[in-house]
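The following exercises ask the reader to work from a set of coordinates towards a description of salt bridges, a helix, a surface patch and the chain as a whole. Each task is followed by a solution in steps.

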Amino acid sequence: MAAPLSFDKAYRALKREHLAPVYYLTGEEELLKEELIELVVNRAVDETCRDFNLDVRTAGDINGEDFHALVETPPMMADRRVVVIKNIEQWRKNSKVWEVVHRYLDSPASTTVLVLVHGAPTRDKDQKPDKDLCRTSVHVAVESLNHERLRRWIRVRAERCGFEVTEEAAEHLASSVGSDLSQLAMEIDKLATIARSDQPVNADDVAQLVGVRRGETPLDWVRSVLLRDIPKAVEMLTPVLTGARVTGVRLIMPLGTAFLGVRMARAMLDSGTPTRGLETELSRTVRNNRRLFRLRGETALWAKAAEKWTTIEITRALVSLYQCDSALKSTTLSDEAGIITGMLLSLSPIEVAA
């Protein structure tokens, strides 16, 4: 079974108008799935006859007969038609509709482009990709974007909205809002209302719109903690917490993830990896681990921070973060800043060494 395509590879292939008869979309990012669906539709069916040649359905609303009718209906006044079926996990594993689906996939119609969309995994269900669908279709694993790819997505999304953003503006928007693509899309739509045609949107424009000054984003705060600039982290805490959609728990979660990366880097140093080659080794490990892939843009920070912490100190920091997270989730008080400040003070070199 061939490895799945990434979002980028599938997007480039579709841009070259390489259409497959069947696509199978899985993964976490629903907005990116919608972008791929939109591109498939744009490449396959002309807008003038799209009303007759595009069907978008939810799996729970159709049975085997409905599916057969959808995929076998010939296009009208066009060469192809597109059928999109979302949330195919709604079909029970042994239901008769799967017999019809697999029979069709063995010999798909040449005039139909079928897009099967698996819903994002949830906490209760892992929803692993269907092996048979992976074998008989073009499987695209639409995973979350790392920070570097997120900045590129922001710039492309802005261009589609008719304006440009600078690299610094894209960085500040990603750092301020985070990796929630739906929220980022909303902020980009807002930027479109103030964008000018004669110059790109800059970081100051973004800061004014989202209400977060440069250097005071959640990512800036995490960086200060990892590099053990505790006074700066304490000073930044109040303005960071006042940012849009920022809560104490949402600060602690990425910090915990980052500390796990630092612990991995520290273990590599302790096992003999030279400082000069540490970032390269971290990048290789992240690149080869699907669950860590989205974090590949953070390896430089992990490598730099690892030199400032011992293994024991990192372990104690993770315990402090766990306790802080529990306190934030269980307390009826609203003093998030006080709880997190206490955690930060416990990470200072003097207290940790004691």
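**Exercise 1.** Which kind of interaction joins the side chains of R152 and E148?

*Solution.* The model is a predicted one.
Step 1. R152 and E148 meet through their side chains in a salt bridge, with an N to O distance of 3.9 Å. The cut-off for such a pair is 4 Å, and the distance of 3.9 Å satisfies it.
Step 2. Helix α7 (residues 147–160) contains both partners, four residues apart, which is about one turn of the helix. Residues three or four places apart in an α-helix point the same way, because there are 3.6 residues a turn.
Step 3. R152 has a relative accessible area of 40% and is therefore partly exposed. E148, at 39%, is likewise partly exposed.

**Exercise 2.** Determine which parts of the chain are tied together by the salt bridge between E167 and R155.

*Solution.*
Step 1. The closest N and O atoms of E167 and R155 are 2.6 Å apart, and the two residues form a salt bridge.
Step 2. E167 belongs to helix α8 (residues 167–177) and R155 to helix α7, so the pair ties together parts that are 12 residues apart in sequence.
Step 3. With a relative accessible area of 43%, E167 is partly exposed; R155 is partly exposed as well, at 29%.

**Exercise 3.** Describe the salt bridge of E281 with R284, then identify the residues joined into one network by salt bridges that share partners.

*Solution.*
Step 1. In the salt bridge between E281 and R284, the closest N and O atoms lie 2.5 Å apart.
Step 2. Both residues are in helix α14 (residues 275–287); because they are three residues apart, about one helical turn separates them.
Step 3. E281 has a relative accessibility of 28% and counts as partly exposed. R284 also counts as partly exposed, at 36%.
Step 4. D8, E148, R149 and R152 are joined into one network by salt bridges that share partners. The structure holds 19 salt bridges.

**Exercise 4.** Compare the span of helix α12 with the expected value, and establish how its buried residues are arranged around the axis.

*Solution.*
Step 1. Helix α12 covers residues 230–241, which makes 12 residues. At 1.5 Å a residue the helix should span 16 Å, and its end C-alpha atoms are 16 Å apart, so the two values agree.
Step 2. The buried residues of α12 include I230, A233, M236, L237, V240 and L241. They cover an arc of only 135 degrees around the axis, and therefore lie on the same side of α12.
Step 3. P231 and E235 are exposed on the other side of the helix.
Step 4. Among the elements that cover the buried residues of α12 are α11 (218–226), α13 (248–270) and α17 (336–346).

**Exercise 5.** Which residues make the nonpolar surface patch of about 350 Å²? Identify also the non-glycine residues M77 and N87 by the sign of phi, positive or negative.

*Solution.*
Step 1. F52, M76 and M77 make the patch.
Step 2. M76 is placed in the loop between α4 (64–72) and β3 (81–86), and at 43% relative accessibility it counts as partly exposed.
Step 3. M77 is in the loop between α4 and β3. Its relative accessible area is 65%, and M77 is therefore exposed.
Step 4. Most residues other than glycine have a negative phi. M77 has a positive phi, near 60 degrees.
Step 5. N87, which is not a glycine, has a positive phi of about 55 degrees. N87 sits in the loop between β3 and α5 (96–106) and is partly exposed, with a relative accessible area of 28%.

**Exercise 6.** Characterise the chain as a whole: how many helices and strands does it have, and what share of its residues is buried?

*Solution.*
Step 1. The chain has 18 helices and five strands.
Step 2. Along the principal axes, its C-alpha atoms fill a box of roughly 75 × 50 × 45 Å.
Step 3. The chain has 354 residues, of which 45% count as buried.
Step 4. Among contacts with a separation of 6 or more, 74% are between residues 24 or more positions apart.
Step 5. About 19,100 Å² of the chain is exposed, and carbon and sulfur atoms supply 49% of that area.

Technical notes. Residues numbered from 1 in each chain as written. Predicted model: local features only at pLDDT ≥ 70, side-chain atom pairs only at ≥ 80, totals over all residues. Heavy atoms only, no water. Patch = residues over 30% accessible without salt bridge, like charges linked within 9 Å, V, L, I, M, F, W, Y side chains within 5 Å. Areas by Shrake-Rupley, 256 points an atom, 1.4 Å probe, with all protein chains shown as cover. Helix = DSSP H or I, 4+ residues; strand = E, 2+ residues; numbered from the N terminus. Buried < 20%, exposed > 50% of the residue type's maximum accessible area, 1.4 Å probe, protein only. Expected span 1.5 Å × (residues − 1). Arc of directions from axis to C-beta. Contact = heavy atoms within 4.5 Å.
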